[in-house]
Amino acid sequence: MNRAAPGRFRTIGKRTGFTNTAPGITGGMTGAADEHGATVVPYEDGPLLVRGTFTLQTPDGQIIDPGRKTVALCRCGKSAIKPFCDGTHKAIGFRAGTGRDEPAPRNR
């Protein structure tokens, strides 16, 4: 499995209006994930859970194979397997909510 070096990453949805799509993983999801490509759920004090059809890649375009249909992405920055979560957030006392801190950006 190709894992990206520690650092920045981005998810790109096939059917969410994002650009530069690449081959992804087809998940047999229904509902919101099926309509929008992927669903990203921030867990309180934990990772971002990504379900659905998505592609994960580094800023330079290298595809990161998640190896499964649902992945947990690190938000604390301390995971040994970035961009994936390894549970380190629990040991370091990471705190983050599930909602937005600021209003949504406006369409330009």
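Which residue in strand 3 stands opposite Thr39? Some notes on that and the rest of the fold follow.

1. **Ground rules.** This is a predicted model, in which local features need pLDDT of at least 70 and side-chain atom pairs count only at pLDDT 80 or more, while totals for chains, interfaces and linings use all residues. Residues are numbered from 1 along each chain as its sequence is written, and side-chain values use heavy atoms, with hydrogens and water left out.

2. **The opening pair.** Thr39 has Arg51 of strand 3 across from it. Helices (H or I, at least four residues) and strands (E, at least two) are DSSP runs, numbered from the N terminus. Strand 2 and strand 3 are antiparallel and share five bridges; two strands pair if DSSP finds at least two bridges between them.

3. **The sheet.** Three strands, in the order 2-3-6 and with antiparallel pairing, make an open sheet. Strand 2 and strand 6 are its edges, each pairing on one side only.

4. **The hairpin.** Strand 4 and strand 5 form a hairpin with five residues between them, and Gly61 in the turn has a positive phi of about 95 degrees. Two bridges join these antiparallel strands, and Leu56 has Ile64 as its bridge partner in strand 5.

5. **Strand 4 and the core.** Phe54 and Leu56 on one side of strand 4, and Thr55 and Gln57 on the other, are all buried. Here buried means under 20% relative accessible area, exposed over 50%, and partly exposed in between (1.4 Å probe, protein chains only). Phe54 and Leu56 also belong to the largest nonpolar core, which has eight residues in all, including Ile64 and Phe84. A nonpolar core is a set of buried Ala, Val, Leu, Ile, Met, Phe, Trp, Tyr and Cys residues joined through side-chain atoms within 4.5 Å. Strand 4 and strand 6 each supply at least two residues of this core.

6. **The salt bridge.** The count comes to one salt bridge, taken as a side-chain nitrogen of Lys or Arg within 4 Å of a carboxyl oxygen of Asp or Glu. Asp45 and Arg95 form it, with their closest N and O atoms 3.4 Å apart. Asp45 lies in the loop between strand 2 and strand 3 and Arg95 in the segment after helix 2, so the pair ties together parts 50 residues apart in sequence. Asp45 is partly exposed at 21% relative accessibility, whereas Arg95 is exposed at 63%.

7. **Cys85.** You will find Cys85 in the loop between strand 6 and helix 2. Leaving aside residues up to four places away in sequence, Cys85 touches Pro47, Ala72, Leu73, Cys74 and Ser79, where contact means heavy atoms within 4.5 Å.
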